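Here is a short report on one protein model. It takes up a strand pairing, the sheet around that pairing, and the enclosed space inside the fold.

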Amino acid sequence: MKAFRVQGVGGESPEAAQLWELGCLGLVEEEGAIVAYFDSERELPLEGAWETLPERDYVAEYQAGLGPVRVGRLVVAPSHRAVEVTDGDVVVWLDPGSAFGTGHHETTRMALASLTRLDLSGRTVLDVGAGTGLLAIAAERLGAWRAYGVDVDAATVPVARENARRNLSSARFALGSLDLPTLPGRFDVVVANLYAELHAQLLPAYAARLLPGGRLAVTGILTRLKGLVLDAVPAQLEVVHGEEDGEWTLLELVRRP
Ligand SMILES: C[S@@+](CC[C@H](N)C(=O)[O-])C[C@H]1O[C@@H](n2cnc3c(N)ncnc32)[C@H](O)[C@@H]1O
């Protein structure tokens, strides 16, 4: 990262406006100067001096700032943090890398809460769009017999596998989606934190992956788009619960016998 320092001007100056127009990534005021950030040095039509900033690992800094998240008796904790737990708590140690799913987002928390409401003992669970693997690992730690996670983003699979290893979890992760031929048939529970338009398309495929009486939890749905999902519910599925957190909705459905 490079910084371009212009002395004697402030953040509201024409020079600041010009630096934004020239494509700076960010700009701060510092003791009678402005400092504009660029990813590389370039010719600029302004009087100033370039400085080289030390490389920073923004992912590591972000992770270091994350605290534990509690959802009922489930505690999701970054692996570098100490956490306070009480009897009956289930801890999932998690490092997200560049994948989504730390428990800090409303949708992940609602999906976790949905899993904690189910009796998962001896059940099979499929997490569609597993990201960090949190939902599948949590399901397994909550008693599921087998938990699988699939994701179409190849970068997430090693992250999820590493998180499973960190938790001594047997949850398995693979690249792909609901149509992955190596997935074992049908599941007691399917959970998916994706988005409304995609859920509307995938509902028949979720139904096909569920055992009769099986539960589906779908979230990542902007509440204003909930109707898209509800309108697409096929006859084999019945909506049994809905909840909102902020602008997000989670729906729970049951596969009819
Ligand atoms: C919002 S993240 C959810 C991560 C985690 N399950 C959670 O609840 O926090 C959505 C994930 O779904 C993946 N994804 C998107 N479309 C998918 C699809 N059709 N099938 C499987 N995974 C998909 C993305 O790559 C991303 O990792």
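## A pair of valines

Start with valine 76. This residue stands opposite valine 92 in strand S7. The model is predicted.

The two valines belong to a longer contact between strands. S6 covers residues 74–78 and is joined to S7 by five bridges. The two strands run parallel.

## The sheet

Which strand order does the sheet have? The order is S5-S6-S7, in an open sheet of three strands. Its pairing is mixed. S5 (69–71) and S7 (90–94) are the edge strands, and each of them pairs on one side only. On average, neighbouring strands are turned by 20 degrees against each other, with direction ignored.

A helix packs on this sheet: H4, residues 134–141. H4 touches S6 and S7. The direction of H4 makes about 150 degrees with that of S7.

## Enclosed space

How many cavities of 30 Å³ or more does the whole structure hold? A search finds two. The second largest has about 30 Å³ of space.

Its lining consists of Ser114, Leu118, Val189, Arg215, Leu216, Ala217 and Glu252. By class, these residues divide into four nonpolar, one polar and two charged. Strand S12 (residues 210–222) gives the most to this lining, with three residues.

How values were computed. Residues are numbered from 1 along each chain as its sequence is written. This is a predicted model: local features need pLDDT of at least 70, side-chain atom pairs count only at pLDDT 80 or more; totals for chains, interfaces and linings use all residues. Side-chain values use heavy atoms; hydrogens and water are left out. Two strands pair if DSSP finds at least two bridges between them. Helices (H or I, at least four residues) and strands (E, at least two) are DSSP runs, numbered from the N terminus. Axes are lines fitted to C-alpha atoms, for helices over the stretch in contact, and angles run from 0 to 180 degrees between N-to-C directions. Contact means heavy atoms within 4.5 Å. On a 1 Å grid over the protein atoms alone, a cavity is a set of points where a 1.4 Å probe fits but cannot get out, and a pocket is an open set with protein on both sides within 12 Å along at least five of seven lines; lining residues have an atom within 4 Å of a point. Grid points are joined across faces, edges and corners, and a volume is the space filled by probe spheres set on the points. Ala, Val, Leu, Ile, Met, Phe, Trp, Tyr, Cys and Pro count as nonpolar, Asp, Glu, Lys and Arg as charged, and the others, Gly among them, as polar.
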